[in-house]
Amino acid sequence: LGQLTISDPARPAAPLLTAGRVEASAAWLPLFVGRIEIAQLRISDAVLHVRYNKDGTLNWASRLSPARQDPAPDKSILAPRGFAAAGFAWPRRLTLADVIIERSTILYTDERNGADDRVERLAGRFSIKGPLGPWAGNAGFQIQNVPLSLAMSLDAPASAGTSAVQFKIGVLDAGGGLTLKGAARGVAQAANTARLAPFTFQGKL
């Protein structure tokens, strides 16, 4: 695809996402059994706008439907469910094997307190094998001209419904960093979606 734009119905002049180029390749055979497997997704020159409005709503809420429990298994191909108050839901049959992000930017605005931040020069590679893990990824970016690195992982959940989570944020110029290790607790899995509750962490600097 060439340039991609996802508009914000509430503010047409401020799109939710723009991308200079998007390339995707999918495996065809899994589609016949109701699975979506993206072998590679490459997003270049993207600008993601994340904004909290004065009433506390997120600008992406208009594009994401509320997550819900499915009353019975559904073998059809699923559309993304969106974010829920307790976490977020993800189609169980969607796999993103290799996601590459190049030369991208995240703009964050909070109209409740006037916060206005940006993540620049974002480049990374991620893999999401399933809604409950395993996930893995590495990225580099800049915040206020400070170069940072990020490494993250989410293991598949144990039998108790708890997934091990780890984030490592490195400050490249200083040679130091912050490591957060914890767990995603209270994992709820419906027939077709999975929801992760808020994370609990222990940190080490």
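I take strands as DSSP runs of E of at least two residues, numbered from the N terminus. On that basis I placed Ala-10 in the loop between β1 (4–6) and β2. The model I examined is a predicted one.

**Entry 1. Overall make-up**

I looked up the secondary structure and found zero helices and 14 strands in the protein chain. From the N terminus on, I therefore read a run of β elements, with strands defined as above. I also looked up burial: buried residues make up 34% of the 205 residues in the protein chain.

**Entry 2. The loop after β1**

I returned to Ala-10 and asked whether this residue is buried or exposed. Ala-10 is exposed, because its relative accessible area is 63%, and the cut-off for exposed is over 50%. I then checked its distance to Asn-59, a residue 49 positions away along the chain. The C-alpha atoms of Ala-10 and Asn-59 are separated by 8.3 Å.

**Entry 3. Pairing of β1, β2 and β3**

I followed the pairing from β1 onwards. β1 and β2 are antiparallel and pair over three bridges. Within this part I noted Thr-5, which stands opposite Thr-18 in β2. β2 pairs in turn with β3, again in the antiparallel sense, over nine bridges. Here I noted Ser-25, whose bridge partner in β3 is Gln-40.

**Entry 4. The loop between β2 and β3**

I looked up Leu-29 and found it in the loop between β2 (17–26) and β3 (36–52). Leu-29 has a relative accessible area of 70% and is therefore recorded as exposed. I asked which residues form a nonpolar patch on the surface with Leu-29. They are Phe-32 and Val-33, and the three together have about 410 Å² of accessible area.

**Entry 5. Salt bridges around Arg-51**

I searched the whole structure for salt bridges and recorded ten. I began with Arg-51, whose side chain meets that of Asp-8 in a salt bridge at 3.2 Å, N to O. Arg-51 belongs to strand β3 and Asp-8 to the loop between β1 and β2, so this pair ties together parts that are 43 residues apart in sequence. Both Arg-51 and Asp-8 are buried. For Arg-51 the assignment follows because its relative accessibility is 9%, and the cut-off for buried is under 20%.

I then found a salt bridge between the side chains of Arg-51 and Glu-111, at 3.9 Å, N to O. Glu-111 lies in the loop between β6 and β7, whereas Arg-51 lies in strand β3, so the pair ties together parts that are 60 residues apart in sequence. Glu-111 counts as partly exposed, because its relative accessibility is 25%.

**Entry 6. A salt bridge in β7, and the network**

I also looked up Arg-118 and found that it forms a salt bridge with Glu-120, the closest N and O atoms being 3.0 Å apart. Arg-118 is partly exposed, with a relative accessible area of 43%. Glu-120 is likewise partly exposed, with a relative accessible area of 25%. As to networks, I noted that salt bridges sharing partners join Asp-8, Arg-11, Arg-51 and Glu-111 into one.

**Entry 7. The aromatic pair**

I searched the whole structure for aromatic pairs and found one. The ring centres of Tyr-52 and Tyr-108 are 6.4 Å apart and their planes stand at 70°, so I entered the pair as edge-to-face. The pair links distant parts of the chain, since Tyr-52 is in strand β3 and Tyr-108 in strand β6 (residues 94–110), 56 residues apart. Tyr-52 counts as partly exposed at 28% relative accessibility, and Tyr-108 counts as partly exposed at 27%. I asked which residue lies over the face of Tyr-52. The residue is Arg-112, at 4.5 Å from the ring centre.

**Entry 8. Pairing of β7, β8 and β9**

I next examined strand β7 (residues 115–128) and strand β8 (residues 135–143), which pair in the antiparallel sense over seven bridges. Ile-128 has Trp-135 in β8 as its bridge partner. Trp-135 has in addition a bridge partner in β9, namely Leu-154. β8 and strand β9 (residues 146–154) run antiparallel and are joined by nine bridges. I recorded β8 and β9 as a hairpin with two residues between them. In the turn, Gln-144 has a positive phi of about 50°.

Technical notes. Residues are numbered from 1 along each chain as its sequence is written. This is a predicted model: local features need pLDDT of at least 70, side-chain atom pairs count only at pLDDT 80 or more; totals for chains, interfaces and linings use all residues. Side-chain values use heavy atoms; hydrogens and water are left out. Patches are made of residues with over 30% relative accessible area and no salt bridge: like charges are joined within 9 Å, nonpolar side chains (Val, Leu, Ile, Met, Phe, Trp, Tyr) within 5 Å. Accessible areas come from the Shrake-Rupley method with a 1.4 Å probe; for residues, only the protein chains shown count as cover. A salt bridge is a side-chain nitrogen of Lys or Arg within 4 Å of a carboxyl oxygen of Asp or Glu. Helices (H or I, at least four residues) and strands (E, at least two) are DSSP runs, numbered from the N terminus. Buried means under 20% relative accessible area, exposed over 50%, partly exposed in between (1.4 Å probe, protein chains only). Rings of Phe, Tyr and Trp (its six-membered ring) pair if their centres lie within 6.5 Å; planes under 30 degrees apart count as stacked, over 60 as edge-to-face and the rest as tilted. A charge sits over a ring if NZ of Lys or CZ of Arg is within 6 Å of the ring centre and within 35 degrees of the ring normal. Two strands pair if DSSP finds at least two bridges between them.
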